[in-house]
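Got your viewer open and your selection tool ready? Let's take a short walk and stop at a few places along the way.

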Amino acid sequence: MSATVITNIATLVTNDPSLRDTDPLGLVRDAAVVMEDDRVVWTGPASRAPATDHRVDAGGRAVLPGFVDSHSHLVFAGDRTEEFNARMSGRPYSAGGIRTTVAATRAATEAELETNLTRHLAEALRQGTTTFETKSGYGLTVEDEARALRLAARHTDEVTYLGAHVVAPEYADDPAGYVALVTGEMLDACAPHARWIDVFCEEGAFDGDQARAILTAGRAKGLHPRIHANQLSYGPGVRLAVELDAASADHCTHLTDADVDALAHSATVATLLPGAEFSTRAAWPDARRLLDAGATVALSTDCNPGSSFTSSVPFCVALAVRDMGMTPDEAVWAATAGGAAALRRTDVGRLVPGAYADLVLLDAPSHVHLAYRPGVPLVTGVWRRGVRRV
């Protein structure tokens, strides 16, 4: 085994939970971090760094954990440029939304889907994302959903079965029949390829009773719940997430006081997805309200071709600070350790001994620059599992 030290770090974000009472980010200044194979083995002041075989000079820049994007939809074909253009131009648009992507995805070959997937993963990696979750949900048949999950599982362990994205067009007049498919034959085909099960619990998609049935069936097959909750309106999604011990309730835009209190007194993470509000001109989630109540908050991209076509976690950090009431420290924690919490993991999202050596080097002296300099490509180095990828 050979070790590498990254030294001359102006500001090191560790997210060390033992330091959180005094500093949420576990900041170490004039710091170094030592990696051996795929793990972090030491962090601390540069003056005390142990001798190693290899040395990287950070040049007085900031280092932070790789971003953990815990919500994305990357197995798809086509795009919805015309829909976005019409929405931003104030023009009516009558195409099929998610169903437009479903048609394109069904028509694509497996090679075309994987090429698109890997292109977006490379794009995300260049911007500092080292761990990502992604979902099915653009196939809506047994074969197409299973295909999407098989493809995703080649690239990440964090794979989510989202057969319950919307009711498949073939079942438009028989939503109960579609729920039976999602909880039966489709689940049987998809469960071997996934870790998680998700449902879009919203008017026009699946109601609370349907969502409970879908998530309960998935849990019986060994999949853990996560929920698209309370994005477009008030509803039962958040309370259902807490009831079922879902790892995360995602979107959380329209919350009652009871919803906020439930999240604050549970292990369910509120995952906020500001790219969706940016791309739809919808109301922003109130992160400040959740944080002040004591809820755990994550930030993710929701990268998808319809409502949030961005793979940039730094962009989402800047939006969260500017428009959702988060401080720069809170937003960076939410995009790293918060995302890890939404995946129920402690081996990513932090730089402590034993964690994976997933690091981001910024061309800036502080993590604050992610919000201070929005839109600037600050990520200048990315290590994933101890290997420099960017």
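Here are three stops, from a single residue to a helix to a sheet. Keep in mind that this is a predicted model.

**Stop one: a residue**

Select T4, which sits in strand β1, residues 3–12. Is T4 buried or exposed? Buried, because its relative accessibility is 18% and the cut-off for buried is under 20%. Now show its neighbours: leaving out residues up to four places away in sequence, T4 touches V33, V34, M35, T52, H54 and V56.

**Stop two: a helix**

Next, pick residues 142–153, which make up helix α4. Try putting a distance between its end C-alpha atoms: they are 17 Å apart. That agrees with the expected 16 Å, because 12 residues are counted at 1.5 Å a residue.

How much of α4 is covered? Mostly, it is: 9 of its 12 residues are buried. Colour them in: V142, D144, E145, A146, R147, A148, L149, L151 and A152. These buried residues pack against several elements, including α2 (98–107), α3 (110–126), β6 (129–135) and β7 (158–164). Add α5 (175–183) and α6 (185–190) to your selection too, since the buried residues of α4 pack against them as well.

**Stop three: a sheet**

Switch to cartoon view and look for the open sheet of 8 strands, ordered β5-β6-β7-β8-β9-β10-β11-β12 with parallel pairing. At its edges are β5 (67–69) and β12 (297–299), each pairing on one side only. From one strand to the next, the twist averages 25 degrees.

Finally, zoom in on β8 (residues 196–201) and β9 (residues 224–229), which pair in the parallel sense over 6 bridges. Click on D198 and find its bridge partner in β9, R226.

Notes: Residues are numbered from 1 along each chain as its sequence is written. This is a predicted model: local features need pLDDT of at least 70, side-chain atom pairs count only at pLDDT 80 or more; totals for chains, interfaces and linings use all residues. Side-chain values use heavy atoms; hydrogens and water are left out. Helices (H or I, at least four residues) and strands (E, at least two) are DSSP runs, numbered from the N terminus. Buried means under 20% relative accessible area, exposed over 50%, partly exposed in between (1.4 Å probe, protein chains only). Contact means heavy atoms within 4.5 Å. The expected span of a helix is 1.5 Å times one less than its number of residues. Two strands pair if DSSP finds at least two bridges between them. Axes are lines fitted to C-alpha atoms, for helices over the stretch in contact, and angles run from 0 to 180 degrees between N-to-C directions.
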